[in-house]
Amino acid sequence: MLVVIRGGGDLATGVALRLYRSGMRPVICEIERPTSIRRTVCFSEAMRLGETAVEGVRARRAAPEEVPGLLAEGIVPVLADPEAACVRMLRPEAVVDAVLAKRNLGTTMDMAPVVVAAGPGFTAGADCHAVVETMRGHYLGRVIYSGAALPNTNVPGLIGGYAGERVLRAPADGIFQGAKEIGCQVQTGDVAGYVDGTPMVCTISGVLRGLLADGVVVKRGMKSGDVDPRCEPAHCLCASDKALAVGGGVLEAILHLRGRGEDGRNGK
């Protein structure tokens, strides 16, 4: 079963891992210069490096015509295709919007027989066939077949007793340059990176779980890093509980809708 996934960040990668390990064939659509934070667990890194691997699953930057060959090798293709134009050529059985933009960037129910979206900004029955909840808490990963996910609160989920404090934000407009590596331990007050010479300072101690790639253009306040107070470097190399929960919801939605013969293109 061919599935096109819009987005290649950490949550989208968790979705891709769930589908891949369930025997489906995911294809990732990304922007040319991704802004993923948790780069060590993001298939979007294939856009920058050419090839990457997450939890033993390989992904490679590709052109649309290379997709069949890579899928035959068990490699996840990553396309520079933010509009998911490849859908017209590949005609996948399902499309998943996992961009997590908190708004719909062009996903419609007629893109594939099954269309699933993750997080707020979508309404099941209008934009897609199903929405998967991304808010940490009791409803995380739950599939919604009518209605929308919980609205965005702009407050990061609680991890190790910290929420907003663990997120590092760009201190100014400009070009980002990292001063630390993902996986290293940091203390409160350490400088994790710079934006045109202005330091981005850690507000808690822990392990640097995520950091923008060098050279990314940022706006003041843009999420640019993530400190994990649990201090487990191994967490930097595996998909998060949230990403896998969302991935499980997407897998459930695809199988459920496919079993019902749901077809957005034909109105069934």
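Mentor: Two strands count as paired if DSSP finds at least two bridges between them. Strands here are DSSP runs of E with at least two residues, helices are H or I runs with at least four, and both are numbered from the N terminus. The model is predicted: local features need pLDDT of at least 70 and side-chain atom pairs pLDDT 80 or more, while totals for chains, interfaces and linings use all residues. Numbering starts from 1 along each chain as its sequence is written, and side-chain values use heavy atoms, leaving out hydrogens and water.

Trainee: What makes S15 and S16 a pair?

Mentor: Strand S15 (residues 191-195) and S16 share four bridges, and at least two are needed, so they pair. The sense is antiparallel, and Gly193 stands opposite Met200 in S16.

Trainee: Why are S16 and S18 called edge strands?

Mentor: Take the sheet they belong to, an open one of four strands in the order S16-S15-S13-S18, with antiparallel pairing. Strand S16 (198-201) and strand S18 (217-218) each have a single partner strand, so one side of each has no neighbour in the sheet.

Trainee: Which strands are the edges in the open sheet S12-S19-S17-S14?

Mentor: Strand S12 (167-169) and strand S14 (185-186), each pairing on one side only. That sheet is antiparallel as well. Inside it, four bridges join strand S17 (residues 206-211) to strand S19 (residues 223-228), with Gly210 partnered by Asp226 in S19.

Trainee: How do you know how enclosed strand S7 is?

Mentor: Count its buried residues (buried is under 20% relative accessible area, exposed over 50%, partly exposed in between, with a 1.4 Å probe and protein chains only). Five of the five residues of S7 (residues 114-118) are buried, so the rest of the structure largely encloses the strand. Val114, Val116 and Ala118 point one way, Val115 and Ala117 the other. S7 pairs in the parallel sense with strand S6 (residues 94-97) over four bridges and with strand S9 (residues 130-132) over three. Val96 stands opposite Val116, and Ala118 has Val132 of S9 as its bridge partner.

Trainee: Is Ala80 buried, exposed or partly exposed, and what settles the label?

Mentor: Ala80 has a relative accessible area of 39%, so it is partly exposed. Ala80 lies in strand S5 (residues 76-80). Its C-alpha is 5.5 Å from that of Ile31, although the two are 49 residues apart in sequence.

Trainee: What makes a set of residues the largest nonpolar core?

Mentor: The members must be buried Ala, Val, Leu, Ile, Met, Phe, Trp, Tyr or Cys, joined through side-chain atoms within 4.5 Å. The largest such set has 37 residues, and Val3, Ile5, Leu19, Phe43, Val96, Val250 and Ile254 have the most contacts inside it. Helix H5 (residues 241-260) gives the most to this core, with seven residues. A second, separate core of 25 residues includes Ala62, Leu71, Ala84 and Ile144.

Trainee: Why is helix H1 called oblique to H5?

Mentor: The axes of H1 (residues 10-21) and H5 come within 7 Å and cross at roughly 50°. Under 35 degrees is roughly parallel, over 145 roughly antiparallel, 65 to 115 roughly perpendicular, and the rest oblique. So H1 is oblique to H5. Among the residues in contact (heavy atoms within 4.5 Å) are Val15 and Leu19 of H1 and Val250 and Ile254 of H5.

Technical notes: Axes fitted to C-alpha atoms, helices over the stretch in contact; angles between N-to-C directions.
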